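Colleague: I am new to this structure and would like a close look at a single part, the contact between chain B and chain A. What does that contact take from each chain, and what can be said about its surroundings?

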Amino acid sequence: MPFEMISGSQAAAIAVQRAGVDLVAAYPITPQTAIVETLANFAAEGILGGEFVSLESEYAALACCNGASAAGSRVFTATSSHGLAYMHEMIHWCSGARFPIVMVNVNRTIGAPWCLDPDQGDSLSQRDTGWMQIYCSGAQEVFDTVLQAFALSEELLLPCMVIFDGFYISHTYEAVDIPEKEVVSRFIGPPEFQAQVKPGFPGNLHGLSTGEMQLKLVKMRHADMLRAPTLFTDINKRFHEVFGRSYNFIEAVIPPAAKTVILAAGAVSETVRWALPELKDTGLIELRMFRPFPTEQICSLLEAHDVEKVVVIDRNCSVGVGGILAQELRAAVYGMNRPPAVYDLILAGGVDLTVRMLENMLESGLSETRVGHKWGDDMQ
Amino acid sequence: MKIEELNRESELLYSGHNACPGCGAALAVRYLTRALGPNLALVLTASCWSIIAGMPPLTALKCPILHCPFPSAGSVGSGLKRGLNAKGLHDTTVVVLAGDGGTFDIGLQALSGAAQRNEDYIFVCYDNEAYMNTGMQTSSATPYGARTNTAPYPLFKEGQKKDIMQIMAAHSIPYAATATIAYPEDMEKKLKKAKEIRGFRFIHILSPCPPGWGTESADTIHLSRLAVTTGFFPLYEIENGSTWNLTQYVDEKIAPLSDYLGQQRRFNQMDAIRIKALQEEVDREWEALMKRVNAERRENIF
């Protein structure tokens, strides 16, 4: 299969073209723009296979996806940062309405002040919207995850966000294996999920409900999303059969003697992976799937390795609390018999993680208390 | 239209809906679904009609209704039409239904975007001149001088009603028309004409609201007619943003505006000076409209 030097953004766009979509709804925002531009070029060449429509805002782009998905069409859009925040109402609505929309979010800091660096707070602050979230740490992973996201999303009738860091992944060129459409079609065919809007048939879709009805619907949505890890394992198996690669919802490297594990999502997890040989007795858990949060899988992994300390790399900060991934992890390990201490390295603003920072954090950042956080600039 | 031509089979709105007695919007949707059905899909944004349609799984309409968030109607309509096309369902008429809030205010950006792209659907605004579902708050479609719950006495709505038709004309869309429920044949004719046109079509329907306007439910049709005969809401259509056709008699503007205002409690704090100011505004608008409408068609009716 042909390898090409492409950016993470191009990888996402090519995956969308290979999967085959009925509609791409586009609105530009740095650092996502290259995705919709690449898809526009496919449309210009006549090989997109679906419609390409430029909308007047990110909100409108997702709303347009909403309408097309209601007709049973496969749709895609991409955004970043302020665009994602602007979509917020529609993001909730897509999940409640059970539209299997796949959207790429390229991480970028939300202002003020303006900032382009890849803080993950844009997507993490959408954690309660009922979307699945998968974080990627390289261009190949982006390509593959977009394909997997369509399969997962359409099976569960829940929308899925594929997320990667601005610039570090979106603008970095890597060698990516790009299978031809025929090969991809062995993994994912045309959409088969049911249309909600059926002309000729009455249906009052998503109209006024009672709290009691909502409770039942939320309960169903929750139960369905909790099926994602198991289902993803199956999808991954099929993916491996076709492409010879596979991913899990968490990817772990834990040496036998490791009592400390670093948990990270996105591009920084690759930095950690690269630095592992230099970090004595330290392991890595790369968190790919953030929603649903793989609590069970993480806890059994920590338990199996008798991990004492987890250092979370949080390229975000929920001001007033701390890093979001650390908060999620603390909640997850609460039920363990011997929960590890959870420390947090906060790289808000999307500042880069250096090996030096990691070393300093492991040497001096792990305080006496079982809960603590350090700021990236203090660990340089 | 003859009464015997109306049959139950062509009705898509059933009894048992949740509209208030005398609701203009219920009649407007009854006429529009009858004119455009039965192969019809409705996108419905937050408005009185979110309630009127009934609580799922019940429904008052015999066509699919896709509810959507307040500012999104114009864009959801774009997606639905394109999505249906992708599934080979080219013949379904997609109608976006929004109130004045969802059209003039919070929905304006999506409306403008869809109009500019010349999306292939019909956008219908039923205009009851305020946020009536939330209980009569000022919108930019509220007329000058009206009292609302966000402009309570001695306050009143300042500034003129936004001229949505001129905004739509400026988008050069294939078809735009005004209509109101006292003239059902005119409304039906315009809707059927719109149905045969491809591209973006906009219908602006004035829909009296008894609890909001402070009127008797039995007076809805009467008020709808007075809005036309006072020149407050002229009936016309615009083709391609440039050809304006009057669809009422020129000499149908016969009544003083005070006849219309005087029957609505929302205007009852208006003094003579403000009524005069509004009358002058209506006359100015009428004169401007007369200059725009096709001279040959000025005498035209139905």
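Modeller: Two residues are in contact if their C-beta atoms, placed from the backbone, lie within 7 Å, and it is in that sense that I shall speak of touching and packing. Please keep in mind throughout that this is a predicted model.

The contact you ask about takes 39 residues from chain B and 38 residues from chain A. On the side of chain B that touches chain A, the elements giving two or more residues are strand E1 (40-45), helix H2 (48-52), strand E2 (64-68), helix H3 (73-86) and helix H5 (108-116) of chain B. Of these, H3(B) gives the most, with 10 residues. Sorted by class, this side of chain B has 22 nonpolar, 14 polar and 3 charged residues.

One place in this contact can be followed strand by strand. Strand E9 (residues 203-205) of chain A is joined to E2(B) by 3 bridges, and the two strands run parallel. Within that pairing, Leu205(A) stands opposite Leu66(B) in E2(B). If we set aside its neighbours within four places in sequence, Leu66(B) is in contact with Ala70(A), Val197(A) and Leu205(A) from chain A, and with Ala41(B), Val43(B), Leu44(B), Val76(B) and Leu80(B) from chain B.

Leu66(B) also leads us into the largest nonpolar core, which has 219 residues. The members that touch the most others are Val146(A), Val162(A), Val43(B), Leu66(B), Leu80(B), Leu97(B) and Val124(B), and two of these, Val43(B) and Leu80(B), have already appeared among the contacts of Leu66(B). The largest share of the core, 10 residues, comes from helix H7 (residues 139-156) of chain A. At least three residues are drawn from each of domain 1 (3-184 + 209-242) and domain 2 (250-378) of chain A.

That brings us to the surroundings, beginning with chain A, whose secondary structure comes to 14 helices and 16 strands. Its radius of gyration is 20 Å, close to the 21 Å that the globule rule gives for 380 residues, so chain A is as compact as a globular protein of that length. Along the principal axes the C-alpha trace of chain A spans about 65 × 50 × 45 Å, and 54% of its 380 residues are buried. Among contacts in chain A between residues at least 6 apart in sequence, 78% join residues at least 24 apart.

Chain A also has a contact within itself, between its two domains, whose C-alpha centres lie 26 Å apart. This contact takes 27 residues from domain 1 of chain A and 22 residues from domain 2 of chain A. On the domain 1 side, two or more residues come from each of helix H6 (121-124), strand E6 (132-135), strand E7 (160-165), helix H9 (211-226) and helix H10 (228-243) of chain A, and E6(A) gives the most, with 4 residues. By class, the domain 1 side has 16 nonpolar, 7 polar and 4 charged residues.

Elsewhere in chain A, strand E2 (residues 23-26) and E3(A) pair in the parallel sense over 4 bridges, and there Ala25(A) has Val53(A) in E3(A) as its bridge partner. The side chains alternate along strand E3 (residues 51-54) of chain A: Glu51(A) and Val53(A) point to one face and are buried, whereas Phe52(A) and Ser54(A) point to the other and are not.

Chain B, the other partner, has 11 helices and 8 strands. Its radius of gyration is 18 Å, close to the 19 Å that the globule rule gives for 302 residues, so chain B too is as compact as a globular protein of that length. Its C-alpha atoms fill a box of roughly 60 × 45 × 40 Å along the principal axes, and 54% of its 302 residues count as buried.

As a last stop in chain B, helix H9 (residues 220-229) has as its buried residues Thr220(B), Leu223(B), Ser224(B), Leu226(B), Ala227(B) and Val228(B). These buried residues of H9(B) pack against helix H1 (24-36), strand E5 (175-180), strand E6 (201-206), helix H8 (210-213) and helix H10 (257-261) of chain B. After H9(B) comes Gly231(B), whose phi is positive, near 80 degrees.

Conventions. Residues are numbered from 1 along each chain as its sequence is written. Chains are lettered from A and ligands numbered from 1 in the order in which they are written. This is a predicted model: local features need pLDDT of at least 70, side-chain atom pairs count only at pLDDT 80 or more; totals for chains, interfaces and linings use all residues. The radius of gyration is taken over C-alpha atoms; the globule rule is 2.2 Å times the number of residues to the power 0.38. A residue is buried if 20 or more other C-beta atoms lie within 10 Å of its own, exposed if 12 or fewer, and partly exposed in between; C-beta atoms are placed from the backbone. Domain bounds come from an automatic or database domain assignment. Ala, Val, Leu, Ile, Met, Phe, Trp, Tyr, Cys and Pro count as nonpolar, Asp, Glu, Lys and Arg as charged, and the others, Gly among them, as polar. A nonpolar core is a set of buried Ala, Val, Leu, Ile, Met, Phe, Trp, Tyr and Cys residues joined through C-beta atoms within 7 Å. Two strands pair if DSSP finds at least two bridges between them.
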